[in-house]
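User: I'm a first-year student and I'd like a close look at one small part of this model, followed by a walk out to its surroundings. Please keep it informal and explain the terms as you go.

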Amino acid sequence: MTPQRPIVTALACLLAISSAHAEIKVAVIQELSGTGATAGTNFKNGVRLAIDEINASGGILGQNIAATIEDTQSTPGVAKGLVLKAVDDGAFAVFGPTFSGSMIVSMAQTRKAMVPNFTGADAAIITQQGNRYVFRTSFTQAISMPKLARYIATSLKAKTVAILFVNNDFGKGGRDAFVKAAASNGLTVAADISTEAGLLDFSAPVLRAKRSNADVLFVYTNEEESARCLRELRKQAYDRPIVGETTLTGQRVIDLAGAAANGVLAHVGLTADAPIPAVQAFREKFEKAYKYTPDHNGLKGYTSVYLLKAGIAAAGKLDRVAVARALHGLKIRAANEPGVLMNVAIDDNGDLDRESFIVEVKDGKQHVKEVLPPLTRF
Amino acid sequence: MLDLLQLGVSGLTTGSIYALAALGFTLLWQASGTINFAQGEFVMLPTFGMLALSSLGLPLLAAFAITCALAVLVLGWGFKRGIADPLLQIGVMPVVVATLGLAIALRNAVRAGYTAEAQPFPSLFGDQIFHLGAVAITLVDAGTLAAALALVIGTQAFLTRTVTGRAMQAVAQNTEAATVLGIDVPRMIFYTFAVNAILACAAALLIAPTYLAKFDMGESLGTKAFFAAVIGGFNNSRGALLGGVIVGVSENVAAAYVSAAYKDAVALAVFMLVILLKPHGLLGTPVGRKV
């Protein structure tokens with residue numbers, strides 16, 4: 001043995017050990033307290049479930065995923081600081097935040113560091129800034145609102161609509177997109193009611209909605225506010241159709257609103273009640289792990305990890321830039337990557353397209369009324 | 001006009017709950033000179049106490065009764081002995097700061113130890129809706145309003161019509177004279193803290209079904225109750241009811257006719273107006289200060 005031999009052997013051993021312990025570090029930065037706690041906790045639990053599954057089946061390219069979980073406290077300033085910390089710590093990908101306001105102020109950090117950033121935030125502006133590293137886990141408002149407005153105009157045969165929205169980035173983005181979509185579907189906005197995040201008493205906004213005498217009320221607020229609003233609508237015996245987007249019929253809102261949620265309609269991109277076997281299997285696993293029914297954010301969190309997995313598989317290597325590039329324009333078939341649950345296509349902005357649903361709440365449960373096909377052909 | 005009536009009903013219900021918490025403010029102030037800025041959290045804590053007991057399978061009223069007993073022990077006796085008694089010897093400001101700190105600690109303890117998410121809370125009353133003319137009223141609203149008014153009036157009657165209540169009032173008005181008259185002053189002060197704890201439990205029982213149980217639910221409630229107490233008159237228990245109703249109704253009217261964004265600001269505006277024009281509150285009386 002030459003003198004160099006032991007050194008080479010030792011180095012090889014070290015390399016082997018380090019490679020055996022190599023992990024894909026990801027940061028889960030979610031609203032685990034404050035007004036976004038319901039959404040953030042669901043998303044985080046979905047991510048954890050997916051990571052556990054992937055690690056149990058051998059990881060991605062032979063490496064396990066290691067997640068750090070942080071709480072934004074539903075505050076944009078905290079979210080920005082946490083994303084910066086995650087980037088400094090070398091995260092391969094960031095999952096969150098879910099609040100649009102937090103996402104808008106923090107995504108510049110992941111963009112600068114070229115770190116893929118998956119978000120459940122809905123505000124349209126997030127993917128309209130040319131950021132090549134931001135990827136949605138649900139529809140943008142620019143896609144979901146036209147679908148909803150068309151449903152209100154055609155299926156509900158409404159002529160006028162009252163809008164009750166929350167005055168934050170999420171609410172204003174949705175309101176703007178809906179107003180535009182309403183106009184192009186021949187709907188007149190009879191009342192445009194702004195409410196504050198964290199509002200406890202909805203008696204005045206609901207009264208304004210009643211006074212407008214609109215054919216339909218469109219409610220676009222965060223989870224807890226949605227529940228309080230639905231309770232107040234029932235208290236004031238509101239008798240016109242109440243429609244919303246995904247949040248309004250989330251299981252958490254239904255649980256909080258109780259009987260007041262019955263009869264509410266919503267367009268949802270993802271629902272644990274979707275009549276799709278893969279979604280039902282996910283729901284079962286989630287309920288077993290966390291003892292409650294996931295809402296759409298649980299599905300977003302779960303599928304987002306599989307989007308990353310598909311991106312890495314398409315890139316063929318653990319390279320952030322290559323993965324981000326591979327994700328743009330990627331069509332992922334559920335047959336090839338069951339974790340995405342449904343066929344999904346990601347466009348050049350990071351927005352995605354897949355099937356969606358019109359649901360109605362009956363007896364405290366979502367029931368799918370209609371399945372709307374994706375715009376993309378697979 | 002119809003809208004005003006509908007807003008008035010909602011405002012009265014909310015205002016009556018503010019009044020319950022405000023009554024606690026005025027009682028503690030009168031009896032011991034304590035300003036408790038954790039009053040909102042004193043409502044939040046029993047809410048979660050009742051939730052925890054209900055999750056063990058207890059009926060709501062049994063959970064309420066046990067929570068009241070625990071609240072008297074912890075939020076009454078514990079608060080008095082642990083914070084109010086030692087700090088009042090130094091002055092009012094240390095109590096104010098300590099209760100502000102206590103509020104933050106309680107919020108975070110519940111957030112970390114129980115849950116950060118809002119929880120549904122069962123209601124004592126059904127959710128049937130009935131109409132008075134064109135005004136829709138739910139049994140929850142009517143029941144809450146009736147229960148809160150009964151509690152405020154009952155507390156007033158207890159203070160003015162019973163020997164113990166009069167002794168508590170005597171202590172509140174002049175501690176030294178009460179001592180000379182043979183009244184057990186420390187016991188009467190404890191009774192006041194105990195009544196405050198029970199009122200907080202009652203407010204929790206009434207408000208949580210509508211506002212949902214959440215660790216930060218006391219933040220807004222405590223502030224509104226403080227405004228209500230000052231508007232009505234900090235040294236007058238009846239003032240708490242008046243202040244609560246004014247805050248509840250005015251914020252509802254402002255939210256409907258101006259903007260929901262100004263809902264919280266209107267309580268502050270009324271508060272400022274009252275302390276500028278009538279510093280002792282609408283029903284308060286000027287108190288001479290020894291120099």
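**A close look, then a walk outwards**

Analyst: Let's start with Tyr257(B), which belongs to helix H10 of chain B, covering residues 237-257 (helices are DSSP runs of H or I with at least four residues, strands are runs of E with at least two, and both are numbered from the N terminus). Keep in mind that this is a predicted model: local features need pLDDT of at least 70, side-chain atom pairs count only at pLDDT 80 or more, and totals for chains, interfaces and linings use all residues. For bookkeeping, residues are numbered from 1 along each chain as its sequence is written, chains are lettered from A and ligands numbered from 1 in the order in which they are written, and side-chain values use heavy atoms, leaving out hydrogens and water.

How covered up is Tyr257(B)? Its relative accessibility is 43%, so Tyr257(B) counts as partly exposed (buried is under 20% relative accessible area, exposed is over 50%, and partly exposed is in between, with a 1.4 Å probe and protein chains only). Tyr257(B) also has partners on the surface: with Leu4(B), Val258(B) and Tyr262(B), it makes a nonpolar patch of about 420 Å². Patch members have over 30% relative accessible area and no salt bridge; like charges are joined within 9 Å, and nonpolar side chains (Val, Leu, Ile, Met, Phe, Trp, Tyr) within 5 Å. The areas come from the Shrake-Rupley method with a 1.4 Å probe, and for residues only the protein chains shown count as cover.

Now zoom out to the chain that holds this patch. Chain B has eleven helices and two strands, and reading along the sequence gives α-α-α-α-β-β-α-α-α-α-α-α-α. Its radius of gyration is 19 Å, close to the 19 Å that the globule rule gives for 291 residues, so chain B is as compact as a globular protein of that length (the radius is taken over C-alpha atoms, and the rule is 2.2 Å times the number of residues to the power 0.38). Along the principal axes, the C-alpha atoms of chain B fill a box of roughly 60 × 50 × 35 Å. Of the 291 residues, 53% are buried. The accessible surface of chain B is about 12,400 Å², and carbon and sulfur atoms account for 70% of that. Contacts reach far along the sequence too: among those between residues at least 6 apart, 74% join residues at least 24 apart (contact means heavy atoms within 4.5 Å).

How confident is the predictor here? The average pLDDT of chain B is 88, and 98% of its residues score at least 70 (pLDDT is the predictor's confidence in each residue, from 0 to 100). For the model as a whole, ipTM is 0.77 and pTM is 0.74.

Next come the charged pairs. Side chains of opposite charge can pair when their charged atoms come close. Over all chains there are 21 salt bridges (a side-chain nitrogen of Lys or Arg within 4 Å of a carboxyl oxygen of Asp or Glu). One of them joins Lys224(B) and Asp264(B), at 3.0 Å from N to O. Lys224(B) lies in helix H9 and Asp264(B) in helix H11 (residues 263-277) of chain B, so the pair ties together parts that are 40 residues apart in sequence. The two ends sit differently: Lys224(B) has 6% relative accessibility and so counts as buried, while Asp264(B), at 49%, counts as partly exposed.

Another bridge leaves chain B altogether: Glu224(A) meets Lys214(B) at 3.0 Å, N to O. This pair crosses between chains, from helix H8 (residues 223-235) of chain A to the loop between helix H8 (185-211) and helix H9 (217-232) of chain B. Glu224(A) counts as buried because its relative accessibility is 2%, and Lys214(B) counts as buried at 2% as well.

Once we're in chain A, look at Lys300(A) and Asp122(A), whose side chains form a salt bridge at 4.0 Å, N to O. Lys300(A) is in helix H11 (residues 296-315) and Asp122(A) in the loop between strand S4 (117-119) and S5, 178 residues apart. Both are buried. Asp122(A) turns up again beside Thr140(A), which touches Asp122(A), Ala124(A) and Asp351(A), leaving out residues up to four places away in sequence. Thr140(A) sits in the loop between strand S5 (134-136) and helix H5 (141-154), and its relative accessible area of 3% means that Thr140(A) is buried.
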